[in-house]
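Subject: The structure for you to look at

Hi there,

Here is the structure I promised to hand over. Have a look at it first, and then read on for what turned up.

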Amino acid sequence: MRKIWNTVLTGLVAILPLGLTAYVIYWLALAAERLFSPAIRLVLPERFYWPGLGLLTGIVLLYFVGLAVNAYVVSRLLRMSDALFARIPVVKTIYLAIRDFTRFFPSSSGKGSDLQRVVLVPFGPGKAIGFVTAESGDMLRRSGAPEELIAVYLPMSYMVGGYTIFLPRDQVEPTSLPVEEGMRIALMGGVRSSAPAAPARPGRPGAT
């Protein structure tokens, strides 16, 4: 029975990543179809509608929204709405949390995410992997502070949260890891995947 159970677990581990990935893609496609199909049916005759048109419409709409973000009028409207939501009680807490979370991802303008580089910071007798999110601690508005601090985000394993700490620059050890690989190592608790690692990129000039 133990041998049978171990074989079952081996099969589960092998198929679980593929199955969950396929399910998430299916769920996103189904959600987009349900969201856009009623509006499409109001415009197009029923005989011209085919399954998947809602998903295709959503992708096209997101593409044009991404193009419009770079326009002056749209970007100004987005800044105005950002300032408005940031002033509404309760709403601003949810909005700012979601907005800051999306900054971890690359933007449509070609800029990288707010995770600038992968570093190691002191953690008890060892080191913890972290991500520099700000090269200065000006956001803390400290008065008369002589030391320069940088902001480092420390994600917790298996996506259960994280911490933002401010450290002197000389306590931060730079690495040549790409941000994507560093995040994968941090979130998976150091468990290595069999997939080939991305090639390391040299650090930015002047980064210490």
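How much accessible surface does the protein chain have, and what share of it belongs to carbon and sulfur atoms? The total is about 15700 Å², and carbon and sulfur atoms hold 69% of it. Please keep in mind that this is a predicted model, so every value below is computed from it.

Let me start with the overall layout. The protein chain contains 5 helices and 5 strands. Read from the N terminus, the order of elements is α-α-α-α-β-β-β-β-β-α. Of the 208 residues in the protein chain, 20% are buried. Among contacts with a separation of 6 or more, 37% link residues that are 24 or more positions apart.

Now for the sheet. The 5 strands make an open sheet with antiparallel pairing, in the order β4-β3-β2-β1-β5. Its edge strands, each paired on one side only, are β4 (162-168) and β5 (173-174).

Going through some of the pairings:

- β1 and β2 run antiparallel and are joined by 7 bridges; V119 stands opposite G130 in β2.
- β2 and β3 are also antiparallel, with 3 bridges between them; here F131 faces Y153 in β3.
- β3 and β4 pair over 7 bridges in the antiparallel sense, and L154 has Y163 in β4 as its bridge partner.

Strand β3 deserves a second look. Since 7 of its 7 residues are buried, β3 is largely enclosed by the rest of the structure. In a regular strand, side chains alternate between the two faces of the sheet. In β3, L149, A151, Y153 and P155 point one way, while I150, V152 and L154 point the other way, and all of them are buried.

What covers the buried residues of helix α5? The cover includes β1 (117-123), β2 (126-134) and β3 (149-155). The buried residues in α5 (residues 179-187) include V179, E181, G182, M183, A186 and L187. After α5 comes G189, which has a positive phi, near 65°.

You may also want to find the salt bridge; the count comes to 1. E173 and K127 form a salt bridge, and their closest N and O atoms are 3.6 Å apart. E173 belongs to strand β5 and K127 to strand β2, so the pair ties together parts that are 46 residues apart in sequence. E173 itself is partly exposed, at a relative accessible area of 35%.

Aromatic rings come next. A search of the whole structure gives 1 aromatic pair. That pair is Y63 with F64, edge-to-face, at 5.7 Å centre to centre and with 75° between the planes. Is Y63 buried or exposed? With 53% relative accessibility, Y63 counts as exposed.

Finally, the N-terminal end of the chain. M1, I4, W5, V8, L9, L12, I15, L16 and L20 form a nonpolar patch on the surface, and together they have about 950 Å² of accessible area. One of them, V8, lies in helix α1 (residues 2-43). V8 is partly exposed, at 46% relative accessible area.

If you open the model, β3 could be a good place to begin, as its residues are buried on both sides of the strand. From there you can move on to α5, whose cover includes β3.

Enjoy exploring, and all the best!

Methods: Residues are numbered from 1 along each chain as its sequence is written. This is a predicted model: local features need pLDDT of at least 70, side-chain atom pairs count only at pLDDT 80 or more; totals for chains, interfaces and linings use all residues. Side-chain values use heavy atoms; hydrogens and water are left out. Patches are made of residues with over 30% relative accessible area and no salt bridge: like charges are joined within 9 Å, nonpolar side chains (Val, Leu, Ile, Met, Phe, Trp, Tyr) within 5 Å. Accessible areas come from the Shrake-Rupley method with a 1.4 Å probe; for residues, only the protein chains shown count as cover. A salt bridge is a side-chain nitrogen of Lys or Arg within 4 Å of a carboxyl oxygen of Asp or Glu. Helices (H or I, at least four residues) and strands (E, at least two) are DSSP runs, numbered from the N terminus. Buried means under 20% relative accessible area, exposed over 50%, partly exposed in between (1.4 Å probe, protein chains only). Contact means heavy atoms within 4.5 Å. Rings of Phe, Tyr and Trp (its six-membered ring) pair if their centres lie within 6.5 Å; planes under 30 degrees apart count as stacked, over 60 as edge-to-face and the rest as tilted. Two strands pair if DSSP finds at least two bridges between them.
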